[in-house]
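The following paragraphs lead through a multichain model, moving from the domains of one chain to a helix and then to the contacts between chains. The reader is invited to keep the structure in view throughout.

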Amino acid sequence: MPVITLTINDELVSARSGQSILEACRDHDIQLPTLCYLDGLSARGGCRLCLVDVAGSPRLLPACTTEALENMVVTTHNEKIDRYRRMILELTFAERNHTCAVCVSNENCELQSLAAELGMDHVRYDYLNPELNLDTSHERYGVDHNRCLLCLRCVRVCDEVEGAHTWDVMGRGVESRVITDLNRPWGDSESCTDCGKCVEVCPTGALFDKGSSVAEMKKEASFLRRILDGREKRQWQR
Amino acid sequence: MNPTSLAEQAAQELQRQEQLKLRLFLCYSTPCVAAGAEPVKTALEELLAKQDLAADLEIVATGCMGPCSRGPLLRIKNADGEEQTFEKVTPEQAKEILLHSIANQPVETTALPADLPFFVRQTRIVLSNSGEIDPEKIEHGIARGSYSALAHVLHEMSAEEVCAEIKQSGLRGRGGGGYPTGLKWNLVRKSPAERKYVVANGDEGDPGAYMDRTIMESDPHRVLEGMAIAGYAVGAEQGYIYVRGEYPLAAARLVKAIKAAERRGLLGSRVLGSNFNFRIDLRIGAGAFVCGEETALMTSIMGRRGQPVPRPPYPAQSGLWGYPTLINNVESYANIAPIMQQGADWFAGFGTEKSKGTKVFALCGEVVNSGLIEVPMGISLRDIVFEIGGGLPDGGKFKAAQTGGPSGGCIPAEHLDTPVDYESLKELGSIMGSGGLIVMNESSCMPDVAKFFMGFCMEESCGKCVPCRVGTVEMYELLTRITDGSAMLNDLETLEQLCRLVQETSLCGLGMTAPNPVLNTLHYYRDEYLAHIQENNCPAGVCQLDQIPLLKLPEHAAELAVFKEEH
Amino acid sequence: MTAPTAPSTKINDDTGHDLKFQLIDKALKKCQFQQDALIEVLHTAQETFGHLDEEILDYVSLQLKLPPSWVYGVATFYNFFTLDPQGEHVCVVCLGTACYVKGAGEIVTRLEEEFSIKAGATTEDGNLSLLTARCLGNCSLAPMLTLDGEVHGKQTAESVIAALKAKTTQKAALEEEKV
Ligand SMILES: Cc1cc2nc3c(=O)[nH]c(=O)nc-3n(C[C@H](O)[C@H](O)[C@H](O)COP(=O)(O)O)c2cc1C
Ligand code: SF4
Ligand code: SF4
Ligand code: FES
Ligand code: FES
């Protein structure tokens, strides 16, 4: 595969042609915050945390959906970008009801650890406090919309990897919700195969194993890379 | 049909029209119909039937004539080509006008003066047929030259030449962005692919604008012809028109026009006897502003949730079903045939150095003559509002002209002499937009207007990216606080910072431009915001201001004390 | 729940149930069951039934071989599609810029008070749905609204209330006649 070189944070790095800026960064251990991106799923560009500065582009570009090109000059961190990332996280926290103290994913939540990592310690915006429900109709799993970030990892993993397309999104704007089938209780879903992939990839406590109590829900999304390599390249590895 | 038979039919139809004693043009566009054009038509038809006049007379139900607020409009044209236009016509008046005109007697109802600035200050290129033809009769269009540009292009020009001509004309996209049309066509033409598409954007989501609706309703063939020329120029055989769901009449007329054109070989396979095939299909929107954004529009054409996708890749590289796609606004397409007919240099003679040609505006709000106008680029706002629009009614004082809808801004009185072109409006912190122009008087409160637009963006945000999905709601909350009296000075700072964030980090144009009305009014009317916050006063008298800031509530007194100690 | 099968096996009750599904079938055939035509099919269904309920969405999803959640997602993305039945009469007040500047907001508030419903809702007796739109393309008639599809320009709160009252009482009078 042809190799290209580009500059990331003043350092010359190489990348495979066709890779995204994010993939190039990860290959070289350059840290970039992400929420909607997950290795193994299609990139979506929705959470806007991976925005980077690309010389010559008038706008910040999402690293996850922007292809790395020869001679590109990329800056992943500066005062403005870091400030914007914190503000975006604040907006994310303000949108739903993230009461960490009572959450099953407390201490094991990607949102929580990103906030700590980026130094986001207060929210200056009004909490929108939507009234959202908790669906525990499924035999093994539950969904708590109060913790959902609308990253749509669940939707993508269910469609792209499991092939069931049980999940999708209804409504639009701030009224959007993830749904199963015709917005019926998850437990009544005809298409759900009970595989639990969505639960594993969900970055917060929105999808959880039933029976876990506060701070008990630990997730592991790396299984995805493994089964995908196995499936696509017939390369099982551990 | 081939070019010769097309010309023959045009001549034939012209001859028929010239032999008529009298032609009555009745505006049958939605505003005039709503104002009562239907009974007028019935009355005229009954009279014709009764008096056995049908042979030398013709009633033409036309598209929009322009001064919509004066409808129903009736124009009569006698065999000598003399014309008179009547406003607010009742069925009785219509009958009187008809009878007197036949008898060659002076008509009692007073006609609109022929030199009304509303008419003489306009330059009609896009709308040249609008109000002159029955949009449902293809012969009317053909008599006025419809499809002759296509015939010329197909038989005399190469695709490359067409693109060069459009580039030479300086035409820029009329959908708001102002991207040079010729460049875009060339990009698509050069994209190698086995299949390409041409799309006309007729979604017109800007609230307070109806240019595209009028073009599609009044002269649908103009749009189809422009698309076919585009198809030939970029190498596409399939076109789609995406019509806003709120415009059923436009959709119906387009369907009819497509059928009529296909029947005559003006669309379909082997167009006008050439080797070029071009089909056009209609797609009806289902009510989502964001679907006007080009990538969202394409996902919607493919039957999905109309959410934008990150660009690049641009539609010119990968659009509908992954194939190169040319997407232009309806008005942009409507400019194509005149350019090809009269030449790029003729077109470039209108307008300013960087903005060529004309622009159609929907002039609305607090103006005497509200309606649809077409003016050369570079005309001043003052001329539009006070000459063509006739100023504000009831002695109102001009406060602002809003252009660009929810992506634009308000232009204050001190900038009324700014020429209307892409760059000048942008410099003022607004945009040309698709052509909505709303005049406001002193009774409009600017923070309230900003809140109105933010509410719109909030409802229309597709929800894909966080800054727009949540940011618009938070900006709306902050503006609500300002307009209900509960804001404090630091809220203004929070609001401005949030505006910058949403502008710079949103995925698509909706989010990127949603803060514009706020930033722009903050720039020109900051005093008004401050009056709300510091003096609890709405200068325009619109806002209730019946809330007080949280920290001023008595139950927060204790907290306030602690707060003070800490600092 | 059981998945609906072909419409022919449907109960052909006197509400014309069967007939309506045939209209959807026609639309499906016209687009050759292409999945891309989902929005067009939903348009037809919305026009035919006045709203899209679970049964209809399930049927469409089955026929187009699309996941149910996909169909539901599309149906709830667009303003035109409603999941709940609409009232006997539908009043759509334009809240586009031109109409807003000319006082349409006031009209909506007055209507909400008069008929004790929020914009977007239907009265309890199912008589009236009060909806709002963002520009209906008749800005020169601002403030304008549509009543059962008919365009009414240059309105005031009083004129709308009068027109609506006339509509609703018309129906009551007709019913009385029947009795
Ligand atoms: C939120 C949003 C809404 C838009 N709405 C419209 C619209 O209603 N009509 C239109 O022609 N272009 C609209 N555009 C611009 C289109 O994305 C696109 O630029 C345009 O159709 C290109 O055509 P043009 O080059 O002829 O202007 C919109 C863009 C955005 C970001
Ligand atoms: S449920 Fe979890 S995975 Fe799905 S969208 Fe919400 S946060 Fe993302
Ligand atoms: S900016 Fe708004 S409309 Fe555009 S993708 Fe983001 S959420 Fe959707
Ligand atoms: S990770 Fe790139 S936008 Fe979310
Ligand atoms: S703003 Fe009401 S019709 Fe356009």
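How many salt bridges are counted between domain 2 of chain B and domain 4 of chain B? The count is zero. The model is a predicted one, and the domain assignment of chain B provides the frame for this result: domain 1 covers 21-113, domain 2 covers 145-347, domain 3 combines 355-377 with 388-438, and domain 4 covers 446-566. The C-alpha centres of domain 2 of chain B and domain 4 of chain B are 39 Å apart. Ten residues of domain 2 of chain B nevertheless touch eight residues of domain 4 of chain B. About 870 Å² is buried between domain 2 and domain 4 of chain B, and carbon and sulfur atoms account for 75% of that area. Three residue pairs are in polar contact between these two domains, with both residues of each pair at pLDDT 80 or more. On the side of domain 2 of chain B that touches domain 4 of chain B, the classes are seven nonpolar, two polar and one charged residues.

Within the bounds of chain B, attention may turn to a single helix. Helix α13 of chain B, residues 294-301, is largely enclosed by the rest of the structure, because eight of its eight residues are buried. The buried residues are B:Glu294, B:Thr295, B:Ala296, B:Leu297, B:Met298, B:Thr299, B:Ser300 and B:Ile301. Their cover includes α9 (181-190), β5 (197-202), β6 (238-243), β7 (279-284) and β8 (325-329) of chain B, and also α2 (38-49) of chain C. Just after α13(B), B:Gly303 adopts a positive phi of about 80°.

The involvement of chain C in that cover leads to the interface of chain B and chain C. Here 49 residues from chain B and 31 residues from chain C are in contact. The two chains bury about 3,300 Å² between them, with 58% of it on carbon and sulfur atoms. B:Ala286, B:Arg305 and B:Phe452 supply 19% of the area that chain B buries against chain C, more than any other three residues. Three salt bridges are found across this interface; one of them joins C:Arg134 to B:Glu459, with the closest N and O atoms 3.2 Å apart. There are also 22 residue pairs in polar contact, both residues at pLDDT 80 or more. Elements giving two or more residues to the side of chain B that touches chain C are α2 (30-34), β7, α13, β9 (358-365), β13 (436-441) and α18 (446-460) of chain B. Of these, α18(B) gives the most, with seven residues. By class, this side of chain B has 23 nonpolar, 15 polar and eleven charged residues.

Chain C also meets chain A. That contact takes 15 residues from chain A and 14 residues from chain C, and the two chains bury about 1,200 Å² between them, 59% of it on carbon and sulfur atoms. One salt bridge is found across the interface of chain A and chain C, between the side chains of C:Glu54 and A:Arg184 at 2.9 Å, N to O. Eight residue pairs are in polar contact between these chains, both residues at pLDDT 80 or more. On the side of chain A that touches chain C, β8 (167-170) and β9 (177-180) of chain A each supply at least two residues, and β8(A) gives the most, with four residues. This side of chain A divides into five nonpolar, five polar and five charged residues.

Note on methods: Residues numbered from 1 in each chain as written. Chains lettered and ligands numbered in written order. Predicted model: local features only at pLDDT ≥ 70, side-chain atom pairs only at ≥ 80, totals over all residues. Heavy atoms only, no water. Buried < 20%, exposed > 50% of the residue type's maximum accessible area, 1.4 Å probe, protein only. Contact = heavy atoms within 4.5 Å. Buried area = accessible area lost by both parts, 1.4 Å probe. Salt bridge = Lys/Arg side-chain N within 4 Å of Asp/Glu carboxyl O. Polar contact = N/O pair within 3.5 Å; in protein donor to acceptor, adjacent residues only side chain to side chain. Nonpolar A, V, L, I, M, F, W, Y, C, P; charged D, E, K, R; others polar. Domains from an automatic or database assignment.
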